[in-house]
Amino acid sequence: KEPPKNRGIKQWYQRRVRVVTCVGGGGLMAGIAHGMKSVGWDHVPIVAMETHGADSFSKAMKTGQVVKLEKITSCAKTLGALQVCQEVVDLAQKRRISSQLVEDKTAVECCQLFLRDHQFLVEPACGATLAAVYTGKISEYLEEETPGTSPIVVVICGGATVDIDTLRNLAAQFDIDTKLEKYYPLEEMRL
């Protein structure tokens with residue numbers, strides 16, 4: 001069944017929803033949380049995805065305060081912030097946010113899967129977000145008793161720094177199949 005026309009996601013999904021996004025410095029996630037609050041979704045959990053080596057939010061969650069990384073070592077450079085803003089650390093103490101980490105290789109593999117499934121290129125920061133769904137671990141991340149019974153809102157962002165050659169090079173770096181043509185005819189690629 002399709003959602004009613006001209007109605008927001010809030011009206012369509014009155015049952016339990018989950019939101020998945022990447023987190024770098026925290027601005028995107030803070031904006032999402034504030035938007036959710038404005039429509040009465042304070043109870044809706046957020047899964048905040050990062051890659052190892054760009055995990056300033058994860059480290060802040062463990063300590064309860066802003067932690068500054070020495071450097072970004074992940075290939076998810078657009079996700080990389082040496083530290084998150086204080087606002088997201090405070091948000092994590094007020095609402096349900098699950099901080100999860102994936103390897104760079106998994107993020108790149110998920111970029112390829114998204115290319116295969118939707119014919120759009122996204123960068124590894126977005127691949128980290130997609131990993132929650134493509135790996136099937138979203139329910140585990142939220143410790144759900146009845147997995148797969150509610151809709152998932154996946155925030156897809158981040159494609160400005162990727163092209164087909166960049167994705168191919170990243171795939172080669174992690175020993176992943178680089179024949180992206182099998183996913184979509186490259187001459188027709190939508191960027």
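This is a short tutorial dialogue on reading a predicted protein model.

User: I'm new here. How many helices and strands does the protein have, and in what order do the elements run?

Analyst: Welcome! In this predicted model, the secondary structure comes to eight helices and four strands. Starting at the N terminus, the order is α-β-α-β-α-α-β-α-α-α-β-α.

User: What share of the residues is buried?

Analyst: Of the 191 residues in the protein, 46% are buried. You can also ask about contacts along the chain: among those between residues at least 6 apart in sequence, 70% join residues at least 24 apart.

User: How do I read a pair of packed helices, say α5 and α8?

Analyst: The general idea is that two packed helices are described by the angle between their axes and the distance between the axes. Here, the axes of α5 (residues 104-118) and α8 (residues 164-173) come within 10 Å and cross at roughly 135 degrees. That angle makes α5 oblique to α8. The crossing of the two helices is left-handed.

User: Which residues make that contact?

Analyst: From α5 come Val108, Cys111, Gln112 and Leu115, and from α8 come Ile164, Leu167, Leu170 and Ala171. Sorted by class, the contact of α5 with α8 has seven nonpolar residues, one polar residue and no charged ones.

User: Which residues of helix α4 are buried, and where do they fall around its axis?

Analyst: In α4 (residues 86-94), the residues Val88, Val89, Leu91 and Ala92 are buried. Look down the axis of α4 and you will see its buried residues fall within an arc of 160 degrees, so they line one face of the helix. The face turned away from that buried side carries Gln93 and Lys94, which are exposed.

User: What do the buried residues of α4 pack against?

Analyst: Their partners are α2 (27-38), α3 (56-63) and β3 (97-102). For a view from α3, try methionine 61, which lies in that helix. Methionine 61 touches Ala92, Ile97 and Ser99, leaving out residues up to four places away in sequence. Its relative accessible area is 30%, so methionine 61 counts as partly exposed. From C-alpha to C-alpha, methionine 61 and aspartate 90 are 9.8 Å apart, with their positions 29 residues apart in sequence.

User: Now a strand residue, please. Is valine 20 buried or exposed?

Analyst: Valine 20 is buried, with a relative accessible area of 0%. You will find valine 20 in strand β1 (residues 18-22). Beyond its neighbours within four places in sequence, valine 20 has contacts that include Val47, Met49, Thr129, Ala132 and Ile138. Ile152, Val153, Val154 and Val155 are also in contact with valine 20. The C-alpha atoms of valine 20 and isoleucine 156 are 9.1 Å apart, although the two residues are 136 apart along the chain.

User: What should I know about phi angles?

Analyst: In general, most residues other than glycine have a negative phi. In this structure, glutamine 119 has a phi near 60 degrees, a positive value in a residue other than glycine. Aspartate 175 likewise has a positive phi, near 60 degrees.

User: Where do glutamine 119 and aspartate 175 lie?

Analyst: Glutamine 119 is in the loop between α5 and α6 (124-134), while aspartate 175 is in the segment after α8. Glutamine 119 has 19% relative accessibility, so it counts as buried, because the cut-off for buried is under 20%. Aspartate 175, at 72% relative accessibility, counts as exposed.

Technical notes. Residues are numbered from 1 along each chain as its sequence is written. This is a predicted model: local features need pLDDT of at least 70, side-chain atom pairs count only at pLDDT 80 or more; totals for chains, interfaces and linings use all residues. Side-chain values use heavy atoms; hydrogens and water are left out. Axes are lines fitted to C-alpha atoms, for helices over the stretch in contact, and angles run from 0 to 180 degrees between N-to-C directions. Angles under 35 degrees count as roughly parallel, over 145 as roughly antiparallel, 65 to 115 as roughly perpendicular and the rest as oblique. A crossing is left-handed if the near helix is turned anticlockwise from the far one by less than a right angle, and right-handed if clockwise. Contact means heavy atoms within 4.5 Å. Ala, Val, Leu, Ile, Met, Phe, Trp, Tyr, Cys and Pro count as nonpolar, Asp, Glu, Lys and Arg as charged, and the others, Gly among them, as polar. Buried means under 20% relative accessible area, exposed over 50%, partly exposed in between (1.4 Å probe, protein chains only). The arc is that of the directions from the helix axis to the C-beta atoms.
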